[in-house]
Amino acid sequence: MSFEHPNSKGRNIRDVERAIMARPTEHDSPNLDLDRMGMMLDLLGHPEHSFRVIHVTGTNGKGSTARMAEALVRAYGLRTGLYTSPHLERINERIAIDGQELSDEDFVDLYQQIEDFIAMVDDRFAQQGRAPMSFFEVLTAMAVWAFADAPVDVAIVEVGMGGRWDATNVLDGDAAIIGPVDMDHMQWLGDTVEQIAGEKAGIIKPKSTVIVGAQPHEEAVMPIIEQAVREQGAPTLLRDGNELEVVSRMPAVGGQVATLRTPQGLYKDVPIDKFGEHQAHNALAALAAAETVIPVNGALDQDLVAEALSQVRIPGRIEQVRTSPTIIIDGGHNLNAAQSLRSAIEENYDFKQLVGVISMMADKQVEDYLGLLEPVLDSVVVTENSWKGRVMPAEDLERVAVRVFGPDRVVRRDRMPDAIQTAVDMVDSEDQTGVGYGRGVLICGSFVTAGDARTLLAERPNPDLAKPKAERA
C-alpha cells in the first residue's frame, strides 16, 4: 500500500467504515448509471486494464462461485484479487489479495489514497445536480485500485445487484458467469424473471466467455442471455447441462465429491468442501471460468483443482459453526436459496429436532421463504437482526410465521442473542443423552442475520486465561 501517504489523520477502520457506509445506496440514487464510476476510473488512469477479470452475477451463488474461482486461479500461482459483497462482520471482507482480506491498516490507507478523487467526482456531479458516489461505488473503486496496486493477475469480482447498472460493470469480464436467475430485488431489477435476466445479462461484453449456470426458469431466461451473447458478439457460450455438466455427485464428510465435465476435459471425483447440489454447479461454473483465464492449454491439473476446491471456505452459506448442538448459519434470503438450503439439510443431516432462528428483511418473500423451510423445521424462533431500517419487525414476522407453522411452533424473541439462546435451550431440553446428537439450530433469513450470528457465536480468546494463576484477579 501507500508509503507516500501514511495514515496522518489518525483514522481507524471504524471511522472509514462509517464514512463509506453513510453514503447513499446505488438503488436510492436517481441517477442509475455508470457515469460516476467512469469518471473515477478516468481519474485513476484506468487501473482496471492491468488485470484479467472473472465477473460473476446471478440471483444466488455469486459469492460461492467467486470464491471457488479465486481458489482455482490462485492454485496455479497467479496473484488474485477477490471482491465480494455483502460483508458479514467486517467491511475488510469485501476486498482480498491472494486469499487474504485487507488488514485494518491497509483498508484505511487504501481509502485515503483515493479519498481526494472521490471528492472530485462528488463535486463534479454536485455541480450538475446529480448524486454523489454511492457506498458501493466507493468500495468498487477501492477494490480496483487495490488490485492494480498489488498488482494482481486476475480479479474475481462479484456483482452487487443486477448487472447492467451495477458499479462493477465498468469492468470487462474475460469470463462472465451468470448463475441461477430468479425473483429477488424486484423493486429495482423488474418484477419478471425475463426483466431480471436482462439486467444480469448486461455483464456480457464482446470478448467474454459467457458461462451460464443451471437455470430454474430456463425457457424464459436462456433466450434473453443468448440474445445478449449475439448482440455483444461474445465468442463463447458455455451452458450448464450442455457444454458443461455435473456428471455425478455424492455427499461426503464435510461436503461432497463430484465429477465435472467442461469442453477442456473431465475432472473425476473432485472434493468440494460445501454441502448441496447447487454448490457442485457453482464449482462447475468456477472451473470453466478458471480455464478461461489460466494460461494453459487443455484441462487444468486434476490435483490442483481438487486441492483448491477442497479448501474453499464460504462464510454464511450453509456454514456449520458449532456442534453439540449443531448450529448452522445461512445468509440466503430468497426462494431459490431457501430451496437449496432445505435440500442440503435433507441430504446431509438426519436431525431428530431442528429449530430455526429467523430474521428477514421486510421487502423479501417472507411467507413463501418460510413455507419452503417448514418441512425441515420443528419450530422457529423469530427475531430481528441489526439492520433496523430494513428488517421486518419481530411482531410482524411472528404473524407471518404463525400462518405457516401454526401458533404452537412459533416463539418470538425481539433480540437475537435471546433468540439464539432460546433455540439452544429448546433443543437441549429434548436431549436425553446430553451430547446434542441429531439436534440442531438453523439461523437464517438474511446475510445481516448470518453476520450478526457469526459475531455473537465467535469464540474469542480470553487473555486472562493466559496469565499465571497468581496474576488473575
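In helix α5, the buried residues (under 20% relative accessible area, with exposed meaning over 50% and partly exposed in between, for a 1.4 Å probe and protein chains only) are Phe135, Phe136, Glu137, Val138, Leu139, Thr140, Ala141, Met142, Ala143, Val144, Ala146 and Phe147. The model is predicted, so local features need pLDDT of at least 70 and side-chain atom pairs count only at pLDDT 80 or more, while totals for chains, interfaces and linings use all residues. Residues are numbered from 1 along each chain as its sequence is written, and side-chain values use heavy atoms, leaving out hydrogens and water.

Helices (H or I, at least four residues) and strands (E, at least two) are DSSP runs, numbered from the N terminus. Because twelve of its 15 residues are buried, α5 is largely enclosed by the rest of the structure. Its buried residues pack against α1 (13-21), α2 (35-44), β2 (80-83), β3 (95-97), α4 (104-127) and β5 (154-158); contact means heavy atoms within 4.5 Å. The end C-alpha atoms of α5 (residues 135-149) are 21 Å apart, which agrees with the 21 Å expected at 1.5 Å a residue, the expected span being 1.5 Å times one less than the number of residues.

Helix α7 (residues 193-200) is also mostly covered, with six of its eight residues buried. These are Val193, Ile196, Ala197, Gly198, Glu199 and Lys200.

The axes of α1 and α4 come within 9 Å and cross at roughly 45 degrees. Axes are lines fitted to C-alpha atoms, for helices over the stretch in contact, with angles from 0 to 180 degrees between N-to-C directions. At this contact, Ile13, Val16, Ala19 and Ile20 in α1 meet Asp104, Phe107, Val108 and Tyr111 in α4.

Two open sheets are described next; two strands pair if DSSP finds at least two bridges between them. One has eight strands in the order β4-β3-β2-β5-β1-β6-β7-β8, with mixed pairing. Its edges are β4 (100-101) and β8 (236-239), each with a single partner strand, so one side of each is left without a neighbour in the sheet. The other has three strands in the order β9-β10-β11, with antiparallel pairing. Its edge strands are β9 (245-252) and β11 (265-272), each pairing on one side only. The twist averages 10 degrees from one strand to the next.

Two strand pairs are set out below.

| Strand pair | Sense | Bridges | Facing residues |
|---|---|---|---|
| β7 (residues 209-212) and β8 | parallel | four | isoleucine 211 and leucine 238 |
| β9 and β10 (residues 255-262) | antiparallel | seven | serine 248 and threonine 259 |
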